[in-house]
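Trainee: Could you walk me through reading a model like this one? I would like to get the general idea of each feature before the particular case.

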Amino acid sequence: MSSTLARYESFLLNNVSTISTLESSLRSVTWFLPGRFKDAELASEALSALLNVTSLYHDTLLARIVQSDPNWKPIIPTPLHTRYTRAWSDKESLYKWAARVLELVRFTQLLIEMGLRRKVSHKNRWRGIVLLEALKVILRFTLLKITRRPLLSPPIPERDIDPASLPPPSNLSSPTLAATTPYTSPPATPDHLKNNHIPLQPNALLLTPPPPARSDTSVEDYLLPKALTTSSVKPSLCLVKPLSSAQDWLAEGVYVIRPLVYAILLSTRKHKDRALATAFAMELVSRSLRRTPPASATVERSEYARRDRDMLWYLLRGSVWETYTRPKIESFVETTARAPILSLVSAVVKDWIPLIDEYYYYTAP
């Protein structure tokens with residue numbers, strides 16, 4: 001087994017750019033598969049889950065190789081989210097494995113729901129969904145107990161290594177695009193230029209000084225994006241401040257248990273509207289109770305901004321979807337069905353509408 005993994009890792013390093021391009025291309029294909037043939041959504045989600053799991057393994061492998069090479073230097077600064085999550089992964093092995101299991105569940109939850117829908121009854125399907133949400137709540141509270149800080153999504157480092165910048169395995173001692181040592185001698189003169197003793201006359205345009213250009217940007221505007229911020233010099237574990245008050249803990253706890261409460265209420269068809277209202281109310285309570293991070297807390301502010309954007313998903317849930325959003329989307333599909341270019345978009349949207357009706361995890365919180 002170890003020899004098989006070693007051969008696969010060697011194959012990955014030899015073809016890292018090609019594999020990355022293939023992953024990106026296959027992800028695009030998954031958007032167009034639903035509705036093309038019977039059980040196309042199952043094939044699309046199986047392919048998507050497989051790509052996500054293999055990408056997680058590839059990211060882990062590339063990060064391990066890069067960290068083991070002392071000569072490697074990143075071409076661009078490491079994102080703050082990656083710094084923070086990687087620091088916790090390196091410090092606490094429990095955090096690393098809990099975060100990975102949480103991501104694996106997230107990658108495969110829709111595929112599991114599709115399998116349950118085809119094999120078991122409606123009641124047992126929702127039991128499986130509630131169990132998945134309970135597992136995710138346990139993992140998130142585990143991460144919260146370890147860090148004592150607001151949870152980030154995703155809780156694992158994202159890929160910050162350009163596969164094209166990695167050298168061949170034979171040059172892993174200096175894995176950078178540029179050479180680490182300068183050339184000791186200038187390049188040799190080509191043979192067809194060695195006997196050329198007539199100097200080239202300079203062009204008149206090259207001798208004319210350019211007119212003075214007026215720049216609309218000041219020196220401060222040019223240098224400000226290149227200056228170091230307080231987040232750039234902070235220790236990685238200090239990029240997010242610990243939760244300090246009971247209100248902070250309550251806000252984060254409400255946000256964590258919100259998907260489980262929503263799934264439990266949805267599992268009984270009688271509480272469908274109550275489930276949407278309860279989940280949205282818990283979202284607003286968590287938002288009002290959470291602390292307001294300072295301008296320098298870039299990581300925490302970006303996480304809260306993502307949570308605020310995710311509230312738009314409520315337009316695709318419950319009675320809001322059935323009475324407001326879906327009729328408008330169906331009207332758009334009918335209007336653009338015969339338009340030259342928009343008809344392609346409307347055809348894809350039309351194939352996705354039944355999936356939102358049938359599956360929970362397409363729009364789950």
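**Reading the model, feature by feature**

Mentor: Gladly! Of the 365 residues in the chain, 36% count as buried. Keep in mind that this is a predicted model.

Trainee: What does the surface consist of, and how much of it belongs to carbon and sulfur atoms?

Mentor: The accessible surface of the chain is about 22,900 Å², and carbon and sulfur atoms account for 63% of that.

Trainee: How many helices and how many strands does the chain have?

Mentor: The count is 14 helices and 0 strands. Reading along the sequence, you get the pattern α-α-α-α-α-α-α-α-α-α-α-α-α-α. Contacts tell you about the fold as well: of those between residues at least 6 apart in sequence, 78% join residues at least 24 apart.

Trainee: Let's turn to helix pairs. At what angle do α6 and α10 pack?

Mentor: Begin with the angle between the two axes, then ask which category it falls in. Helix α6, residues 122-147, and helix α10, residues 246-266, pack at about 170 degrees, and their axes are 8 Å apart. Angles over 145 degrees count as roughly antiparallel, and α6 and α10 are therefore roughly antiparallel to each other.

Trainee: Which residues of α6 and α10 meet?

Mentor: From α6 come Trp126, Ile129, Val130, Glu133, Ala134, Val137, Arg140, Phe141 and Leu144. On the α10 side they meet Trp249, Glu252, Gly253, Val256, Ile257, Pro259, Leu260, Ala263, Ile264 and Leu266. Sorted by class, this contact has 15 nonpolar, 1 polar and 3 charged residues.

Trainee: Let me try another pair. At roughly what angle do the axes of α3 and α5 cross?

Mentor: Helix α3 spans residues 40-67 and helix α5 spans residues 93-119; their axes come within 10 Å and cross at roughly 165 degrees. This pair is therefore roughly antiparallel.

Trainee: Is the crossing of α3 and α5 left-handed or right-handed?

Mentor: Left-handed. In the contact, α3 supplies Glu41, Leu42, Glu45, Ala46, Ala49, Asn52, Val53, Leu56 and Thr60. Its partner α5 supplies Arg100, Leu104, Phe107, Thr108, Leu110, Leu111, Met114 and Arg118. The residues of this contact divide into 10 nonpolar, 3 polar and 4 charged.

Trainee: Now for single residues. Why does Thr147 count as buried?

Mentor: Compare its relative accessibility with the cut-off: buried means under 20%. Thr147 has 4% relative accessibility, so it counts as buried. Thr147 is located in helix α6. Setting aside residues up to four places away in sequence, Thr147 touches Tyr84, Trp88 and Tyr95. You can also look at C-alpha separations: Thr147 and Leu243 are 96 residues apart along the chain, and their C-alpha atoms are separated by 9.3 Å.

Trainee: And what about Tyr255 — where does it lie?

Mentor: Tyr255 lies in helix α10. Its relative accessibility is 14%, so Tyr255 counts as buried. Outside the neighbours within four places in sequence, Tyr255 is in contact with Glu283, Ser286, Arg306 and Arg307. The C-alpha atoms of Tyr255 and Leu284 are 9.4 Å from each other, with the two positions 29 residues apart along the chain.

Trainee: Which contacts does Ser343 make?

Mentor: Beyond its neighbours within four places in sequence, Ser343 is in contact with Thr336 and Ala337. Ser343 belongs to helix α14, residues 342-358. At 19% relative accessibility, Ser343 counts as buried.

Trainee: Finally, the backbone. What is the general idea for phi and for peptide bonds?

Mentor: Most residues other than glycine have a negative phi, and most peptide bonds are trans. Exceptions deserve a look. Asp39 is not a glycine, yet its phi is positive, about 60 degrees. Asp39 sits in the loop between α2 and α3, and its relative accessible area of 33% makes it partly exposed.

Trainee: Where is Arg148, and is it buried or exposed?

Mentor: Arg148 is in the loop between α6 and α7. At 48% relative accessibility, Arg148 counts as partly exposed. Its phi is also positive, near 60 degrees.

Trainee: Which residues does a cis peptide bond join?

Mentor: Ser153 and Pro154, with omega about 0 degrees. Pro154 is in the loop between α6 and α7.

Terms used:
Residues numbered from 1 in each chain as written. Predicted model: local features only at pLDDT ≥ 70, side-chain atom pairs only at ≥ 80, totals over all residues. Heavy atoms only, no water. Axes fitted to C-alpha atoms, helices over the stretch in contact; angles between N-to-C directions. Helix = DSSP H or I, 4+ residues; strand = E, 2+ residues; numbered from the N terminus. Parallel < 35°, antiparallel > 145°, perpendicular 65-115°, else oblique. Left-handed = near helix turned anticlockwise from the far one by under 90°. Contact = heavy atoms within 4.5 Å. Nonpolar A, V, L, I, M, F, W, Y, C, P; charged D, E, K, R; others polar. Buried < 20%, exposed > 50% of the residue type's maximum accessible area, 1.4 Å probe, protein only. Areas by Shrake-Rupley, 256 points an atom, 1.4 Å probe, with all protein chains shown as cover.
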